[in-house]
Amino acid sequence: MPLRLDYTNMMAPSIPGGITDAEWREAAARFTAAHAAVAEQHRAGTLGFLDLPGDRALHQQTLNYVQGCRERGSYPTDVVVLGIGGSALGPIALRTALRPPQWNLLDDAAREGNPRLHVLDNVDPANIVALLARLDLRRSLFIVTSKSGGTAETMSQYLVVRARLAEALGDAAARQQIVFVTDPAKGALRTIARAEGIPALDIPSNVGGRFSVLTPVGVLPAALVGIDTAALLAGAADMRERCASPALAGNIAGAFATLQFLADTAHGRHVQVLMPYSDALRDMADWFVQLWAESLGKHRSAGDAGVGPTPLAALGATDQHSQVQLFMEGPADKTVTFMSVEQGAYDVEIPTMHQDVPELAYLGGHRLGELLDIERRATAGALARRGRPNMTLSLARVDAFAVGGIFMFLELATAYAGHLYGVNAFDQPGVELGKQFTYAMLGRADADAARKEWDQLPKPDPARII
Ligand code: PA5
């Protein structure tokens with residue numbers, strides 16, 4: 001079963017105050033224009049993420065590298081991704097979705113000889129120190145992932161790791177434990193790779209960080225830990241085909257984007273929750289949050305108030321004991337998109353015991369997967385009953401083909417939403433000033449202007465510090 005979207009509970013009259021048929025019909029024309037604009041950008045060569053499923057040469061580059069590791073007899077026991085944001089969240093989502101639970105805790109036999117996968121995604125020294133202390137550096141491979149090749153967090157991770165490797169193994173051996181994933185031509189990592197003969201795989205120049213999971217950013221760690229990357233890319237290709245139609249009714253990513261856009265701009269639903277009922281998909285929700293937030297939260301023109309929905313990640317059934325209270329009775333400013341999986345990889349029958357205890361007796365004989373799914377339906381129904389709009393994405397199972405499809409679905413939805421909102425979904429000017437201030441405080445040579453701006457900011461007022 002391909003990915004399906006049931007949006008009954010987004011619409012009036014199912015949801016009083018929901019999206020009306022008239023709004024939906026009107027939005028169809030807007031979507032067709034957004035679809036045409038995405039196609040035009042693609043023709044102009046700026047939307048490289050759409051070409052990734054068919055880029056055999058790029059896929060082969062990863063497969064050759066992995067094969068080379070095997071042939072050299074240097075296959076790692078641990079793979080560590082150094083990166084942040086779009087360079088880290090994809091590998092995390094892939095590991096959680098497509099490797100068995102507790103992957104890094106399994107022994108070699110249970111991992112079928114595949115390495116553990118660690119993703120740093122931050123510069124908190126506590127985590128980095130703990131990880132480096134635990135690794136056998138001679139059998140660890142460090143993937144330094146940065147599209148720009150200059151992100152402060154990733155470069156710092158790299159410098160720490162490179163120095164530690166050199167200290168432990170010597171500099172020549174250290175280079176054998178490192179691979180870069182970066183822009184094919186530009187940036188400091190590419191320069192270092194050329195100068196020192198460090199292998200470097202390509203992120204095509206027309207693919208931005210948060211749209212790069214189907215480049216070696218995600219595909220290399222996935223292939224190293226034994227994920228079927230051909231199926232991953234095939235699923236993405238299939239989804240791209242499914243979204244070829246400019247008609248809203250026939251385009252699942254377009255429908256998702258348009259529903260969220262209408263809910264936000266016409267119905268005050270500014271917060272958009274993605275809530276998988278599957279531990280395997282929990283990190284996919286974090287990946288979506290970054291994609292949706294960094295792509296759509298923008299000024300339309302200089303100085304305007306800014307637009308964009310606020311994405312939020314939740315997990316069923318866990319968040320039924322947490323955020324769902326807010327979704328049910330808090331401000332009526334949210335949509336919830338549930339993700340359901342028809343066939344979990346595992347299931348467990350709940351034993352029939354304590355038949356004289358009513359709080360336990362009714363559970364016996366059901367299955368945990370059944371309970372999870374019933375709870376999702378119950379929560380969706382309860383939200384609908386309270387007039388809270390929600391929709392459900394369903395997939396048959398969490399496998400590489402389906403996961404590739406979900407990545408492409410959400411990337412395409414983001415591209416369409418960018419046009420619906422009238423913003424450029426592919427830049428991130430809003431994070432630039434903070435970066436410049438960081439450079440200024442760390443003394444980067446080209447940060448004089450930022451230093452002056454920083455110095456003019458109000459200083460902490462002792463009267464306002466408690
Ligand atoms: O989506 C984006 O562009 C960002 O989140 C980047 O992925 C993040 O800033 C890391 O950038 P880079 O890959 O250039 O190191």
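A residue is near a molecule if one of its heavy atoms lies within 4 Å of it. In this predicted model, the residues around the ligand by that criterion are I84, G86, S87, S146, K147, S148, T151, G209, R210, Q290, E294 and Q428.

Some of these residues make polar contacts with the ligand. A backbone N or O atom of G86 is placed 2.9 Å from one of the ligand's oxygen atoms. For T151 the atom concerned is an N or O in the side chain, and its distance to a ligand oxygen atom is 2.4 Å. The side chain of E294 likewise has an N or O atom 2.8 Å from an oxygen atom of the ligand. Considered by itself, the ligand exposes 380 Å², and 87% of that is buried by the protein.

The next topic is the sheets. Strands of a sheet pair through backbone hydrogen bonds, in either a parallel or an antiparallel sense. In one open sheet of this model, five strands follow the order 3-2-4-5-6, with parallel pairing. Strand 3 (116–119) and strand 6 (200–202) are its edge strands, each pairing on one side only. On average, neighbouring strands of this sheet are turned by 20 degrees against each other, direction ignored.

At one end of this order, strand 5 (residues 178–182) pairs with strand 6 in the parallel sense, over three bridges. Within that pair, T182 stands opposite D202 of strand 6. Helix 8 (residues 216–224) packs on the sheet and touches strand 2 (78–82), strand 3, strand 4, strand 5 and strand 6. The direction of helix 8 makes about 165 degrees with that of strand 4. Helix 2 (residues 56–71) also lies across part of the sheet, namely strand 4 (140–146), strand 5 and strand 6. Helix 2 runs at about 155 degrees to strand 6.

There is another open sheet, in which five strands take the order 1-10-9-7-8 and the pairing is mixed. Strand 1 (4–6) and strand 8 (310–313) are at the edges; each has a single partner strand, so one side of each is left without a neighbour in the sheet. From one strand to the next, the twist averages 20 degrees. Helix 10 (residues 252–267) packs on this sheet, where it touches strand 1, strand 7, strand 9 and strand 10 (390–395). Its direction makes about 30 degrees with that of strand 1.

Strand 7 can be followed in more detail. Strand 7 (residues 271–276) pairs with strand 9 (residues 334–341) in the parallel sense over six bridges, and M275 has F338 of strand 9 as its bridge partner. Strand 7 is also joined to strand 8 by four bridges, and these two strands run parallel. Here V273 has L312 of strand 8 as its bridge partner. Is strand 7 mostly covered or left open? Six of its six residues are buried, and the strand is mostly covered. V271, V273 and M275 point one way from the strand, while Q272, L274 and P276 point the other way, and all are buried.

Burial also marks helix 3 (residues 89–98). Nine of its 10 residues are buried, so helix 3 is largely enclosed by the rest of the structure. The buried residues are L89, G90, P91, I92, A93, L94, T96, A97 and L98. Their cover includes strand 2, strand 3, helix 8, helix 9 (229–242), helix 11 (282–296) and helix 15 (400–421).

Some loops contain backbone features that stand apart from the usual pattern. Most residues other than glycine have a negative phi, and most peptide bonds are trans. The peptide bond from A12 to P13 is cis, with omega near 0 degrees; P13 belongs to the loop between strand 1 and helix 1 (21–43). G316 and A317 are also joined by a cis peptide bond, with omega about 0 degrees. A317 sits in the loop between strand 8 and helix 12 (323–329).

D121 is not a glycine, and its phi is positive, near 55 degrees. D121 lies in the loop between strand 3 and helix 4 (125–134), and it counts as partly exposed because its relative accessibility is 22%. H354 has a positive phi of about 50 degrees, although H354 is not a glycine either. H354 is part of the loop between strand 9 and helix 13 (358–361). With a relative accessibility of 45%, H354 counts as partly exposed.

Key: Residues are numbered from 1 along each chain as its sequence is written. This is a predicted model: local features need pLDDT of at least 70, side-chain atom pairs count only at pLDDT 80 or more; totals for chains, interfaces and linings use all residues. Side-chain values use heavy atoms; hydrogens and water are left out. Two strands pair if DSSP finds at least two bridges between them. Axes are lines fitted to C-alpha atoms, for helices over the stretch in contact, and angles run from 0 to 180 degrees between N-to-C directions. Contact means heavy atoms within 4.5 Å. A polar contact is a pair of N or O atoms within 3.5 Å; within protein, one must be able to donate a hydrogen and the other to accept it, and residues adjacent in sequence count only if both atoms are side-chain atoms. Accessible areas come from the Shrake-Rupley method with a 1.4 Å probe; for residues, only the protein chains shown count as cover. Buried means under 20% relative accessible area, exposed over 50%, partly exposed in between (1.4 Å probe, protein chains only).
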